[in-house]
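Colleague: I am new to this structure and would like a close look at one part of it, with the terms explained along the way. Please start with the charged side chains and follow wherever they lead.

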Amino acid sequence: MNHPILIENQKKRIDLPLWKLICFAMFNFWQMGFIYFFLEPSSALDGKIPLPINIDYGTALTVVCYLLGIFTMIFLPKIVVWVQRIDTGVALLSAIGFFLPLSEEALRFNIYLQIFCCCLLIGFETFLVVNYFSEKSSIKYLTFAYGVPCFLIALVQNELIPVNFSIFRFGIMSALVLLFIFFLRLPACKEHQPRYAKKSDGITAPKKLIWGTYLLVFIIALMGTAGPAIAGKVEHGVTIMYLVVAITCFVFYFLYKRANIHPFRMIPVSVGLGGLGFLLMIATVHVPAFSYIACVLIGFGMVSCMAGPLFGVPIMKSYPSKYVAPAIIGVVVLAVLTHAVIAEIFLGAPTVLYIVYAVIMGVLLFVYTQVEPFLMFTLRRRIADEETAVKPKVEEATVPAPEAETKIQPALTSEAAALDDPLLKLSPKKREVAELICLGYTNKDIARTLVLSEHTVKDYVKDIYYSLEVHSRMELAVLVNNYRLAIKK
């Protein structure tokens, strides 16, 4: 649907150069590097003083930060960028404290302050990707840019080169400086803030796409929590895993850049290899050397977990809602708690735990195959043509006529016709229904959008299936996606 709000939001999205995205990705190094360096029981400051951290307090603080972030994104979305600037500035001042001769209590407080600032930004990272970044910027950020901090996280493990506290604190300072520069240069003006849909705007939410994506994010986050935990049980496992993640991120980026292969197309391979990694961990009881191969495979699987924020982009492209980013973060929190429960239940049975996560990866692969066609169709769909798009005034709350809201223009070319576009076999009305199906709309959603009865929509769907020789919504989306991919090539 070429709704004015969708056109307006698409024009507001920001294309960022790679160096800025790398600055933003330093958040990942700050977060995971800090956790691995400080919160491991064997960690020591300057190689002398083991740092006692109360994990219970850390967990409670993390939950509070998640809730604060979700609250801010829902009720105060316009100040998110400013909160990020202030938060990073406080963290930067706090990091200076690591260069001072602090007492043990002051040092502990300083670390908790770092944890608070870091965890508060976790949700805002997803908020920026979902609401501000263009699709290309999101892909560059979650592939190449993410690979840089993943490589640095591997270095922090003290297994490739010695990294003591003196070196580490310079690394944290550098990461925070780059992150602070990014937020200062990120536009916080009203012109770049998305306009969220209201009921009066007449935009129908594609429920199949939305709920399928949230389920996908939940399973991916569950695997993303389990991967580092299981790799951490293997000597050098975390280093191996993050090195593989970094390399795979770079490979995903170059495949996207050079071969035009979208990361969503590569995720099934990543998920499959991750599942094999969990299964291979079972064999480590008899052949310990397999544990290193398992960590490599789990590293491949972890790359799909980092694409979590990217899944929110198709939802915002179809139905811009202020609840998309908070919902994704809420789902991630639920996944973290679920992992904690699963790990507690199978605490004394690691083999069963590996089997459970291998099964979860299989479920993830199945769910992804069901949702991916709708995600790809939504991303490939052009919101508006340059010639016909009219940017509405933000302050006006006028509701377009139903015809203007629901009219879909496939913009078929002679080249498309020559390659036998499957949608050309359908009447204009059935073509509209087919496009909405591919966007993840249910029959009820389509009926409301096109002002038809649900019974009429069901008849149209049957005719579409018969004409195009498909048997399900997923098959229809795959058929159209394959055609459009051939056109693009």
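Modeller: Let's begin with Arg 448, which is partly exposed because its relative accessible area is 46%; buried means under 20%, exposed over 50% and partly exposed in between, using a 1.4 Å probe and protein chains only. This is a predicted model, in which local features need pLDDT of at least 70 and side-chain atom pairs count only at pLDDT 80 or more, while totals for chains, interfaces and linings use all residues. Residues are numbered from 1 along each chain as its sequence is written, and side-chain values use heavy atoms, with hydrogens and water left out.

The partner of Arg 448 is Asp 445: the two form a salt bridge, with their closest N and O atoms 3.6 Å apart. The term stands for a side-chain nitrogen of Lys or Arg within 4 Å of a carboxyl oxygen of Asp or Glu. Both residues sit in helix α18, three residues apart, or about one turn of the helix. Helices here are DSSP runs of H or I with at least four residues, numbered from the N terminus. Elsewhere, Glu 8, Lys 12 and Arg 195 are joined into one network by salt bridges that share partners.

Now stay with Asp 445, since it also forms a salt bridge with Lys 207, where the closest N and O atoms are 2.9 Å apart. This pair links distant parts of the chain: Asp 445 belongs to helix α18 (residues 443-450) and Lys 207 to helix α8, 238 residues apart. How accessible are the two ends? Asp 445 counts as buried because its relative accessible area is 0%, whereas Lys 207, at 37%, is partly exposed.

Following Lys 207 brings us to helix α8 (residues 207-231), whose axis comes within 8 Å of that of helix α13 (residues 324-345), the two crossing at roughly 45°. Axes are lines fitted to C-alpha atoms, for helices over the stretch in contact, and angles run from 0 to 180 degrees between N-to-C directions. The two helices are therefore oblique to each other; under 35 degrees would count as roughly parallel, over 145 as roughly antiparallel and 65 to 115 as roughly perpendicular, with the rest oblique. The crossing of α8 with α13 is right-handed, meaning that the near helix is turned clockwise from the far one by less than a right angle, while anticlockwise would be left-handed.

If you want to find this contact on screen (heavy atoms within 4.5 Å), look on α8 for residues including Tyr 214, Phe 218 and Leu 222, and on α13 for residues including Ile 328, Val 332 and His 339. By class, the contact has 16 nonpolar, three polar and no charged residues. Ala, Val, Leu, Ile, Met, Phe, Trp, Tyr, Cys and Pro count as nonpolar, Asp, Glu, Lys and Arg as charged, and the others, Gly among them, as polar.

To return to the charged side chains, the count of salt bridges comes to seven. One of them joins Lys 429 to Glu 432, with the closest N and O atoms 3.3 Å apart. About one helical turn separates Lys 429 from Glu 432, because they lie three residues apart in helix α17 (residues 428-438). Lys 429 is partly exposed at 31% relative accessible area, and Glu 432 is buried at 12%.
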